[in-house]
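Here are some notes to read beside the sequence and the structure. They cover two acidic residues and two spaces in the fold.

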Amino acid sequence: MEATAARFVERFGAERAQRITGANRALMIFPNLMIIDAIGITIRKIDPVSAGQMSITSVALAPKDEDPDIRELRKSHYLTFLGPAGFATPDDIEIVESCQRGYLNRTLRFSDLSRGMAKEVPETTDELPAREFWRQWDRLMHDGDDDHEEAQDVTQRAERQGAQRR
C-alpha cells in the first residue's frame with residue numbers, strides 16, 4: 001500500500017494524492033444510480049420492481065493492471081464491507097426498508113431532513129443529498145403546477161430562515 005501511495009504522490013503531488021487516496025466519496029445521480037468510491041469504485045443501480053419492492057445491482061470496478069495481491073485484498077474488503085453480506089450493505093438495506101415503512105405513516109406530513117442545513121459546506125453525513133433528491137422528485141411530479149411552485153418557494157424561504165437562526 002505504501003508503494004501505491006508513493007506512486008500517487010509522485011504522479012499527482014502530495015495534496016492531490018491525499019484527496020485521491022485518503023477520502024471516501026459517494027455520488028447519487030438522480031434518480032437511481034450511485035457511485036461509491038470506498039475500497040474501490042462500486043456502482044449501484046436501484047430499480048423499482050413494484051410499490052413495495054426494489055432490485056439493487058452492485059458492480060465493483062478495479063484497475064485492469066492491478067497487482068494480483070492488491071486485487072485479492074480489494075475483493076476481500078469489498079465482500080466484507082460492501083458485498084451482499086458485508087458490514088455496510090445490509091445496514092443500508094435496513095435503512096431503506098425502515099424509511100419505506102415510515103413513508104406509509106400518513107399522520108405526519110413531512111420527514112425531517114434538516115441535518116446539516118445550517119452549514120455552508122455540508123459534511124458527508126449531512127442530509128443535503130436527500131433534500132435535493134426529494135426536491136427534484138417533487139419538481140418532476142408537479143411540473144407546470146404554478147400553485148405548487150409558489151408553495152415550494154415559501155417552504156424554501158422558511159428553511160433558509162431556520163438555518164440562519166441556528
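1. A pocket here is an open set of grid points with protein on both sides within 12 Å along at least five of seven lines, and its lining residues have an atom within 4 Å of a point. The model is a predicted one. Its second largest pocket is lined by 27 residues. Thr4, Phe8, Pro63, Glu66 and Arg74 are the lining residues that lie nearest the centre of this pocket.

2. The second largest pocket holds about 990 Å³ of space. Which helix gives the most to its lining? Helix 1 does, with six residues. Helix 1 (2-12), helix 2 (14-21) and helix 3 each supply at least two lining residues. Sorted by class, the lining has 14 nonpolar, five polar and eight charged residues.

3. The structure also has one cavity of 30 Å³ or more. The space in the largest cavity is about 40 Å³. Its lining consists of Ala38, Ile39, Gly40, Ile41, Thr42, Ala60, Leu61, Arg74, Tyr78 and Leu82. At least two of these lining residues come from each of strand 3 (41-50), strand 4 (53-61) and helix 3 (68-81). By class, seven lining residues are nonpolar, two are polar and one is charged. Arg74 deserves a second look: Arg74 lines the largest cavity, and Arg74 is also among the residues nearest the centre of the second largest pocket.

4. Now to aspartate 126, which sits in the loop between helix 4 (88-103) and helix 5 (128-141). Is aspartate 126 buried or exposed? Its relative accessibility is 7%, so aspartate 126 counts as buried, the cut-off being under 20%. The side chain of aspartate 126 makes a polar contact of 3.3 Å with the side chain of lysine 119. A polar atom of the aspartate 126 side chain also lies 2.8 Å from the backbone nitrogen of glutamate 123. With residues up to four places away in sequence left out, aspartate 126 touches Arg115, Gly116 and Lys119.

5. Glutamate 127 is likewise placed in the loop between helix 4 and helix 5. Glutamate 127 counts as buried because its relative accessibility is 16%. What does the side chain of glutamate 127 reach at 2.9 Å? The partner is the backbone nitrogen of arginine 115. Apart from neighbours within four places in sequence, glutamate 127 is in contact with Asp112, Leu113, Ser114 and Arg115. Arg115 therefore deserves checking from both sides, as glutamate 127 counts as buried and is in contact with Arg115, while aspartate 126 touches Arg115 too.

Technical notes: Residues are numbered from 1 along each chain as its sequence is written. This is a predicted model: local features need pLDDT of at least 70, side-chain atom pairs count only at pLDDT 80 or more; totals for chains, interfaces and linings use all residues. Side-chain values use heavy atoms; hydrogens and water are left out. Helices (H or I, at least four residues) and strands (E, at least two) are DSSP runs, numbered from the N terminus. Buried means under 20% relative accessible area, exposed over 50%, partly exposed in between (1.4 Å probe, protein chains only). A polar contact is a pair of N or O atoms within 3.5 Å; within protein, one must be able to donate a hydrogen and the other to accept it, and residues adjacent in sequence count only if both atoms are side-chain atoms. Contact means heavy atoms within 4.5 Å. On a 1 Å grid over the protein atoms alone, a cavity is a set of points where a 1.4 Å probe fits but cannot get out, and a pocket is an open set with protein on both sides within 12 Å along at least five of seven lines; lining residues have an atom within 4 Å of a point. Grid points are joined across faces, edges and corners, and a volume is the space filled by probe spheres set on the points. Ala, Val, Leu, Ile, Met, Phe, Trp, Tyr, Cys and Pro count as nonpolar, Asp, Glu, Lys and Arg as charged, and the others, Gly among them, as polar.
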